[in-house]
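Colleague: Could you take me slowly through one part of this model? I am new to reading structures, so please explain the terms as you go.

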Amino acid sequence: MSRVGRAPIAVPSGVSVTVAGRAVTVQGPQGTLERSLPPNITISQDGDVLTVTRPDDERHNRALHGLTRSLVANMVTGVTQGFSKELEIVGVGYRATAQGPSSIELALGFSHPVRVEAPEGISFEVPVPTRIVVRGIDKEKVGQVAADIRKIRKPEPYKGKGVRYAGERVLRKAGKAAK
């Protein structure tokens with residue numbers, strides 16, 4: 001039995017979970033999330049506890065058991081607390097400016113500023129010009145938007161310039177050896 005899959009999911013007060021066939025809908029103070037379940041995986045609700053079960057120990061079902069439990073637990077966490085991902089910008093003249101809550105403009109050494117629009121459900125914060133905070137209720141979407149921003153100018157290994165996750169260590173290479 002999967003250790004992750006068999007752990008129950010506590011549903012806090014103010015959050016309602018609806019299981020209708022293959023669809024799971026989680027509604028809370030931050031918003032609403034919906035996801036369809038994989039076949040053979042079932043969710044049962046007993047009061048304010050959710051339990052994810054699988055029909056047998058087939059390899060495919062074992063793989064989906066823990067995954068489904070984690071996805072539903074992330075939905076519950078998202079609608080109660082939300083998720084955020086921080087990015088740092090390193091480099092001379094590299095900076096970000098907020099253009100409202102749903103878009104940012106990045107100066108990353110290109111000949112033009114790069115404008116990034118937030119998809120629905122995602123917002124940006126720029127507390128200082130070298131830091132970007134991506135916020136939202138869908139963990140998957142927050143991570144993907146942060147990865148897309150990082151992809152615009154990845155940290156390079158010689159000087160470490162670029163966009164990186166907060167706390168990310170960039171392996172530095174030695175430059176050319178002088179003769």
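In the open sheet of three strands, what is the order of the strands, and is their pairing parallel or antiparallel?

Modeller: Happy to! The order is β8-β9-β10, and the pairing in this open sheet of three strands is antiparallel. Strands are DSSP runs of E with at least two residues, helices are runs of H or I with at least four, and both are numbered from the N terminus; two strands pair if DSSP finds at least two bridges between them. Because β8 (95-98) and β10 (114-117) each have a single partner strand, they stand at the edges, and one side of each is left without a neighbour in the sheet. From one strand to the next the twist averages 25° (axes are lines fitted to C-alpha atoms, and angles run from 0 to 180 degrees between N-to-C directions).

Before we go on, please keep in mind that this is a predicted model: local features need pLDDT of at least 70, side-chain atom pairs count only at pLDDT 80 or more, and totals for chains, interfaces and linings use all residues. Residues are numbered from 1 along each chain as its sequence is written, and side-chain values use heavy atoms, leaving out hydrogens and water.

Now look at β9 and β10. Strand β9 covers residues 103-107 and pairs with β10 in the antiparallel sense over four bridges. One residue to find in β9's pairing is E105, whose bridge partner in β10 is R115.

R115 also forms a salt bridge with E117, where the closest N and O atoms are 3.0 Å apart (a salt bridge is a side-chain nitrogen of Lys or Arg within 4 Å of a carboxyl oxygen of Asp or Glu). R115 is partly exposed at a relative accessible area of 46%, and E117 is partly exposed too, at 48%. Here buried means under 20% relative accessible area, exposed over 50%, and partly exposed in between, with a 1.4 Å probe and protein chains only.

For context, the model has nine salt bridges by this rule. Among them is E125 with R135, at 2.8 Å from N to O. E125 lies in strand β11 (residues 122-125) and R135 in strand β12 (residues 131-136), so this pair ties together parts that are 10 residues apart in sequence. E125 is partly exposed, with 36% relative accessible area, and R135 is partly exposed at 34%.

Elsewhere, E86, E88 and R131 are linked in a network of salt bridges.
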